[in-house]
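Morning, everyone. I'd like to walk you through one structure today, with a sheet and some salt bridges on the list. Let me put it on the screen.

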Amino acid sequence: MSEFLVSLFGERLVNSEKAEVDVQSLGAKLSLVGLFFGCSLNAPCKQFNGSLCEFYTRFKKACEHKDKLEIVFISSDQDQKHWQDFLQEMPWPALPFKDRHKKMKLWNKYKVTSIPSLVFVDASTGKVVCRNGLLVVRDDPKGLEFPWGPKPFAEVVAGPLLRNNRQTADGTSLEGHYVGVYFSAHWCPPCRSLTRVLVESYQTVKEAGQKFEIVFVSADRSEESFKQYFSEMPWLAVPYSDEGRRSRLNRLYGIQGIPTLILLDTEGHMISRQGRVEVLNDPECRLFPWHPRPVLELSESNAVQLHEGPCLVLFVDAEEEGELEPAKELIQPIAEKIMAKYKAKEEEMPLLFFVAGEDDMSDSLRDYTNLPEAAPLLTILDMSARAKYVRDVEEITPAEVEQFVNDFLAEKLKPEPI
């Protein structure tokens, strides 16, 4: 366990007294680490820190599992004084301010897209136990549900579900169905846009005879707004009044923003977190149930994924439909190998794979990242770290792609700033 934590944090953390904390000595009984991603200048982070301090103090004093949990602060502060002042308010250790490289690795590894964020991970393997620790602190203030591990979807969703014609169904009616768990709200314009498309996709899939159901989990601000929004939906919903079940579903899938569409197979296992992208990219629903594809063609609908972690993008000179296929076939083998490797470890992909042709989307991305106009051009873009890696060679071969990817994952490549 200690060896893993050292690989995650390095040998030393620091505490509020400016003293070093030996990672090896965090405790032999430790089984769970909470990674608190935040910033001193962010008001919600300051507010959550207060709640987390109360939670942590109570847990360490009264919980029978008090020796099994530690929290580590991962700051995105740019000013050391601000960071140090914020650390004074915390009873747990932090990643050293100067260790920006490890900070970015942790942000990417755990797909953190907003702050504050609290991710609970297994102390011996680093696997995510609970992605939405903010809800743990709110919903389980005494730590009675420790270690907050994932429960089966059928168990969490169990109970009555609504239809907009005022009829009800039971969670057991979902058995044997592919399921989309739809986190959305009427006040959110991108949600309303996606809902319009999703209604058509839902009807197309149902008309094709597929066992498919969607469960709406509302983030609306009032029951009236929920009812108005749900009246546009032909599927099921968790009752708005059942705040506990809505919160548990948010916690189960670590929802950090809306709209989010989680796709599940007929056994309740996750197919993809990227249901939104899959639906928008496949209006005719030919690829249902939308299993992840190793390589995507860059488009306006999936460009949001460029901000969710490092992405390999192969730029090629292609303008017509179908001209990107040779480029996809070139990088498909290594993408499939990486996907299989991390699926076997039950971990998320450390790298997404795209091909991009000659269009406005590609031009904008090249301009934003200050890439050369060469084609073909092999790149890895890490937007959150504002870093890029460029392999500008005359001929790009599968072996060249694999070497580039392996060097990146082994941290052998030197980044250039975006």
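Let's start with one side chain: is Lys-29 buried or exposed? Keep in mind that this is a predicted model. Lys-29 has a relative accessible area of 59%. The cut-off for exposed is over 50%, so Lys-29 is exposed.

Who is its partner? Asp-67 forms a salt bridge with Lys-29, and the closest N and O atoms are 4.0 Å apart. In sequence, 38 residues separate the two. Asp-67 sits in the loop between α2 and β4. Lys-29 sits in the loop between β2 and β3. Asp-67 is partly exposed, at 42% relative accessibility.

Those loops bring us to the sheet. Four strands make up an open sheet, and the order is β4-β3-β5-β6. The pairing is mixed. On average, the twist from one strand to the next is 35°. Which strands stand at the edges? They are β4, residues 69-75, and β6, residues 128-130. Each has a single partner strand, so one side of each has no neighbour in the sheet.

Now zoom in on β3, residues 32-38. Strand β3 pairs with β4 in the parallel sense, over seven bridges. Take Val-33 as an example: its bridge partner in β4 is Glu-70.

Back to charges. Side chains of opposite charge can pair when their charged atoms come close. How many salt bridges does a search of the whole structure find? The count is 19. Here are two more that link distant parts of the chain.

Next, Glu-89 and Lys-46. Their closest N and O atoms are 2.9 Å apart. Lys-46 is in helix α2, while Glu-89 is in the loop between α3 and α4. The two are 43 residues apart. Both ends are partly exposed: Glu-89 at 37% relative accessibility, Lys-46 with a relative accessible area of 35%.

Then Lys-337 and Glu-402. Their side chains meet in a salt bridge at 2.7 Å, N to O. This one joins two helices: Lys-337 is in α11, residues 325-344, and Glu-402 is in α13, residues 398-409. The separation is 65 residues. Lys-337 is partly exposed, at 48% relative accessibility. Glu-402 is partly exposed too, at 26%.

Last item. Which residues are linked in a network of salt bridges? Arg-12, Glu-20 and Asp-22. That's my tour. Over to you.

Technical notes
Residues are numbered from 1 along each chain as its sequence is written. This is a predicted model: local features need pLDDT of at least 70, side-chain atom pairs count only at pLDDT 80 or more; totals for chains, interfaces and linings use all residues. Side-chain values use heavy atoms; hydrogens and water are left out. Two strands pair if DSSP finds at least two bridges between them. Axes are lines fitted to C-alpha atoms, for helices over the stretch in contact, and angles run from 0 to 180 degrees between N-to-C directions. Buried means under 20% relative accessible area, exposed over 50%, partly exposed in between (1.4 Å probe, protein chains only).
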